[in-house]
Amino acid sequence: MTLSVTGLSAIRSGRTILHPTSLKIPPRGRIGLVGASGSGKSTLGHALIDDLRAQGHSVAHVPQSPDEALDPLRSMTFHWREAEAALGLAIGSADQAGLFRALKIEGGDLRKRPWGWSRGMQQRFVIAMALIGSPDLIVLDEPTSALDPVVAAATMELLSSFLDGKETAMILITHDLGLAARRVETLMVMDAGKLVEQGPNTDILERAQTQTAKSLCAHRNWMSLPC
């Protein structure tokens, strides 16, 4: 099912921070939403999530840091059960073992609090929770910014492999063009609250039309990064 939103916008303190934006997201779509800090990427992401959920679609969100999703005073078991309950599932009915194997966190002790796990394992756990119930769309907002490049690359590789062949679409919000270039098929470029350019990955990288996209692509050192 293609997901569609029309005229998403946001105003804060009397200032437009997201100009009217419409999107179509195909099943299995792999989309990178890129732009400089403050360009409106996350604002668009949150508006998209709210609108699609209001339409009745299942949309999962992975925040920038696991600290935003995990209570340090609660066990990992508690968080998992809360995620199942939020989706209306019976406790223990989600394919925890399969998701943990896919994201290589099967060795994690669920009795521990988040701080008993490494940062990389915490973020993979958050991603696993987001994938409970096979959502129509998963939105990842700078999901690896709190991780070192090697762990970030491994995490995104595991997620890509898990999603391969599934109907779940993915939007990766990032200012890291290197990360997006290796993980998506379509790039959308944001600037000053506007979607200024979009197209196939290779078209944007090799034949950018707007100055914003050209500036992002000009820093070619991103090509050497593992993620």
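**View 1. Alanine 192, an exposed residue in a loop of the predicted model.** With 54% relative accessibility, alanine 192 counts as exposed, because the cut-off for that class is over 50%. Welcome to this tour of a predicted model, which starts in the loop between E7 and strand E8 (194-200), where alanine 192 is found. Its backbone deserves a look too: phi of alanine 192 is near 50 degrees, a positive value in a residue other than glycine.

**View 2. Methionine 190, a buried residue in strand E7.** Step back along the chain and you reach methionine 190, which belongs to strand E7 (residues 186-191). Is methionine 190 buried or exposed? Its relative accessibility is 0%, so methionine 190 counts as buried. Setting aside residues up to four places away in sequence, methionine 190 touches ten residues that you can pick out one by one: Leu18, Leu33, Val34, Gly35, Ser39, Gly40, Lys41, Leu44, Leu195 and Thr212. To follow a link across the sequence, find glycine 38: methionine 190 and glycine 38 are 152 residues apart in sequence, yet their C-alpha atoms are 9.4 Å apart in space.

**View 3. Aspartate 141 in strand E5 and its contacts.** Here the residue to find is aspartate 141, in strand E5 (residues 137-141). Aspartate 141 has a relative accessible area of 8% and is therefore buried. Beyond its neighbours within four places in sequence, aspartate 141 makes contact with Ser42, His46, His61, Val62, Pro63, Gln64 and Ile173. Valine 34, which also appears among the residues that methionine 190 touches, is a handy landmark: 107 residues separate aspartate 141 and valine 34 along the chain, and 10 Å separates their C-alpha atoms.

**View 4. Serine 75, buried in a loop.** Which elements flank the loop that holds serine 75? They are strand E4 (59-62) and helix H2 (76-86). Serine 75 has 18% relative accessibility and counts as buried, because buried means under 20%. Look for a run of partners here: apart from residues up to four places away in sequence, serine 75 touches Leu110, Arg111, Lys112 and Arg113.

**View 5. Glycine 88, exposed in the loop after H2.** Follow the chain through H2 and you come to the loop between H2 and helix H3 (96-102), where glycine 88 lies. The relative accessibility of glycine 88 is 67%, so this residue counts as exposed. Glycine 133 is a second glycine to bring into the frame: the two are 45 residues apart in sequence and 9.8 Å apart in space, C-alpha to C-alpha.

**View 6. Threonine 155, buried in helix H5.** Helix H5 (residues 149-163) is the place to look for threonine 155. With a relative accessible area of 1%, threonine 155 is buried. Its contacts, not counting residues up to four places away in sequence, are with Arg124, Ile127 and Leu147.

**View 7. Arginine 28, a partly exposed residue with a positive phi.** Arginine 28 sits in the loop between strand E2 (15-25) and strand E3 (30-34). What is unusual enough to check in its backbone? Arginine 28 has a positive phi of about 65 degrees although it is not a glycine. Its relative accessibility is 42%, so arginine 28 counts as partly exposed.

**View 8. The whole chain, for orientation.** Zoom out, and the protein chain shows eight helices and eight strands. Its C-alpha trace spans about 50 × 40 × 35 Å along the principal axes. The radius of gyration is 18 Å, which agrees with the value near 17 Å that a compact globule of 227 residues would have. Of these residues, 49% count as buried. Among contacts with a separation of 6 or more, 66% join residues 24 or more positions apart. At the surface, the chain exposes about 11,000 Å², with carbon and sulfur atoms supplying 51% of it. Charged side chains number 23 positive and 23 negative, and the centres of the two sets lie 2 Å apart.

**View 9. Confidence along the predicted chain.** Mean pLDDT is 91 for the protein chain, and 96% of its residues reach 70 or more. Where among the helices and strands is confidence lowest, and where is it highest? The lowest mean, 83, belongs to helix H6 (residues 177-183), and the highest, 97, to helix H1 (residues 41-54). Over residues 221-227, pLDDT stays under 50, and the model has 21 contacts beyond four places in sequence for them.

Key: Residues numbered from 1 in each chain as written. Predicted model: local features only at pLDDT ≥ 70, side-chain atom pairs only at ≥ 80, totals over all residues. Heavy atoms only, no water. pLDDT = per-residue confidence, 0-100. Helix = DSSP H or I, 4+ residues; strand = E, 2+ residues; numbered from the N terminus. Contact = heavy atoms within 4.5 Å. Rg over C-alpha atoms; globule rule 2.2 N^0.38 Å. Buried < 20%, exposed > 50% of the residue type's maximum accessible area, 1.4 Å probe, protein only. Areas by Shrake-Rupley, 256 points an atom, 1.4 Å probe, with all protein chains shown as cover. Lys, Arg positive; Asp, Glu negative; His and termini not counted. Charge placed at Lys NZ, Arg CZ, Asp CG, Glu CD.
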